[in-house]
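Student: I would like a close look at one part of this structure, and then at what lies around that part. Could you walk me through it step by step?

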Amino acid sequence: MDRADLLSLFRQMLLIRRFEEKSAEMYALAKIAGFLHLYIGEEAIAVGAIAALRPDDYAISAYRDHGHCLARGSDPDQVMAELFGKATGLCRGKGGSMHLVDAPRRFMGGYAIVGGHIPLATGFAFATKYRALDLVTVCFFGEGAVPSGQAHEAFNLAALWKLPVIFICENNRYGMGTPVERAIALYEDVSETARSYGIGAERVDGMDVLAVRDLMRRVVGQVRAGQGPFFIEAMTYRFMGHSMSDPAHGHYRTKEEVDEQRKRDPLTLLKQTILNNKLGDEADFKQLEREVSEVVTAAVKFADESPFPAPSELYNDVLVE
Amino acid sequence: MLMSYREALNQAMREEMRRDSRIFLIGEEVGYYQGAFKVSKGFVEEFGPQRVIDTPITEAGFTGLAIGAAMAGLHPVVELMTMNFGIVALDQIVNNAAKIHYMSGGQLSVPLVIRGPGSAAHQLGAQHSQSLEAWFCHVPGLKVIAPSTPYDAKGLLKNAIRDNNPVIFIEAQLLYGTKGEVGDGEYTIPIGVAEVKRAGHDATIVAYSKMLLLALEAADQLSREGLDVEVIDPRTLKPLDLPTIVASVKKTGRLVIVEEGWRFCGLGAQIAESVYAAAFDFLDAPIQRVTGEDVPMPYSRPLEDAAIPDKTRVIEAVKTVCGVR
């Protein structure tokens, strides 16, 4: 284990955590509107998985996409400005929280029709195979997307044509307020869905960033080598509500359940690993907190001070000229 | 040379695929079966199964895959066995293909053609006889083309493939066998440009796809009855070449719009609104629309005939706007 490596992973997760906590504050202040789906509790999956990729590999996500975008290395200023709907946002204010895109970083976007982006991921993989490039595509989605028809069609095509795509199911146990056991027939092992198409699949502790990265490194190697698609079920938990419009607990889950899950906070787990192995101390974490806090504060300042898009922007980019 | 609409489409795709290796054809039965309507005859032999890709019967899946491939730098041509099956892929077309360029602030684009036959053929029943062009035209971010002749089909398909936007290219089963003159050499037809198919000064008919042929037949008969009708084929439905239509209406003062699709919220309603806004003072009579009836397509022949515009109804509509009984 390497000190710099582990602290870097911790910093990335901390950035997502503090960025999103600040986003929630900005939502309360009405600086951010619309839907805002927080990734808090699930950071280890994006950070661990993306750490195993090359910069030219493709990544795509659903609507809970801030974490993947930041883990891909997007500028927090531009991400926050997008949430604010500003002209300086990643998508010039036209995408919003659910539709972040950073094409130069091969972050191909967040998509908000459940299951609808999974065929797109097979398309990126198809294109790279067609052009004989050794790139992989990583597709993140919640377990709520797994029973959707489009997911099944994409799994079948990926397996049929041995496409270099890795499906990462972030199983946070609830599709909005409906628990997985009331939504998926094979809820005890969601990977069965992928296996039924002949796709190799494995479950991983999605709270353990090192476990996610270890599995991903192995999987990326075999997928890049042309062995066809793979499916990862990352077990996780969403600490906050589905979006800003529902509380962390209440209607569909108890405070006790959330408190219990919070004991396995991915940041706490990694911090404990670092401390136990004497690869860092409290001073290191304080320093990281300071650095990240400055980044997030600067992002808010940048977003707040940026202009809204001009009215003349309305019709720009409806079509490619 | 004289060529069928089917052969013109085949030639357009073939020429483009020879020119650019990023272009591939994907859909049900496009390869070894040669296309359900034989549009891709000879393709798998020339381009191989890597570029002429047979799919399972999963329109949402393979349309989505093609959209993703377009985002990653390829230029897919998706063949829908019929446009009716596009309904199954509508989430991909409307929520992804049409919006990705805009939602990403111009970072991503979707250079893609989705083509296949729309409208009724002969007694195919309610699920296989629909004219859905108004659905696609309603969505910002899509271009929609519906050519009526082999010449237009070839020139417009070539440009559709070269376009960097998602283009819905609507053919018609009953047009595949129709023949027309197609130039020997390379040519393209610009998207968004209508053509006056028949010049006249008493009234204007706007019609596209299969209905254009009907409009020309009606105009021929009307000319024998002393009415000289101008017939305009928009060819591209979106973006619509309104100036050409308006110029004709300003000349004739009378307009009939013919479409096979359902009347309510049909494309003709939009064309009429646009013409009223642009040329109200030039109109000598209310615009007449001849449309499909607002029913699911019945199977029985007499009922099907009753549900689709025919020459008699077009002629009556022209006489109505001209005040001739």
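Tutor: Let's begin with helix H11 of chain A, which covers residues 282-305 in this predicted model. How does the span of its 24 residues agree with what we should expect? At 1.5 Å a residue, the helix should span 34 Å, and its end C-alpha atoms are indeed 34 Å apart, so the two values agree. Which residues of H11(A) are buried? They are A:Val292, A:Val296, A:Ala299, A:Val300 and A:Ala303. Part of the cover over these buried residues comes from helix H1 (3-28) and helix H4 (76-83) of chain A.

Staying in chain A, let's turn to its sheet. Six strands make up an open sheet with parallel pairing, and their order is S2-S1-S3-S4-S8-S7. At the edges stand S2 and strand S7 (200-205) of chain A; each has a single partner strand, so one side of each is left without a neighbour in the sheet. From one strand to the next, the twist averages 15°. Inside this sheet, strand S1 (residues 58-61) and strand S3 (residues 137-142) of chain A run parallel and are joined by three bridges. You can find A:Ile60 opposite A:Cys139 in S3(A). Helix H5(A) packs on the sheet, where it touches S1, S2, S3 and strand S4 (165-171) of chain A, and its direction makes about 175° with that of S3(A).

Helix H5(A) also takes us to the other chain. The contact between the chains takes 32 residues from chain A and 32 residues from chain B. On the side of chain A that touches chain B, strand S2 (107-110), helix H5 (118-130) and helix H6 (149-160) of chain A each give two or more residues. Which element gives the most to that side? It is H5(A), with ten residues. By type, the residues on this side of chain A divide into 18 nonpolar, ten polar and four charged.

Now let's cross over to chain B. Its domain assignment gives domain 1 (2-181) and domain 2 (195-322), and the C-alpha centres of these two domains of chain B lie 26 Å apart. Each domain brings 23 residues to the contact between them. For domain 1 of chain B, helix H6 (133-137), strand S6 (143-145), helix H7 (150-162) and strand S7 (166-172) each supply at least two residues of the side that touches domain 2. That side of domain 1 of chain B holds 14 nonpolar, six polar and three charged residues.

Next, have a look at strand S13 of chain B, residues 255-262. Seven of its eight residues are buried, so we can call this strand mostly covered. Strand S10 (residues 203-207) of chain B pairs with S13(B) in the parallel sense over four bridges, with B:Val206 and B:Ile257 as bridge partners. Strand S14 (residues 288-292) of chain B also runs parallel to S13(B), and four bridges join them; here B:Val258 has B:Val290 as its bridge partner.

Finally, let's stop at a single residue, B:Met81, in the loop between strand S4 (75-79) and helix H4 (90-97) of chain B. Why does B:Met81 count as partly exposed? It has 19 C-beta neighbours inside 10 Å, and a residue is buried if the number is 20 or more. Beyond its neighbours within four places in sequence, B:Met81 is in contact with B:Gly27, B:Glu28, B:Glu29, B:Ala36 and B:Gly116.

Methods: Residues numbered from 1 in each chain as written. Chains lettered and ligands numbered in written order. Predicted model: local features only at pLDDT ≥ 70, side-chain atom pairs only at ≥ 80, totals over all residues. Buried ≥ 20, exposed ≤ 12 C-beta atoms within 10 Å, placed from the backbone. Contact = placed C-beta atoms within 7 Å. Nonpolar A, V, L, I, M, F, W, Y, C, P; charged D, E, K, R; others polar. Expected span 1.5 Å × (residues − 1). Pairing = 2+ DSSP bridges. Axes fitted to C-alpha atoms, helices over the stretch in contact; angles between N-to-C directions. Domains from an automatic or database assignment.
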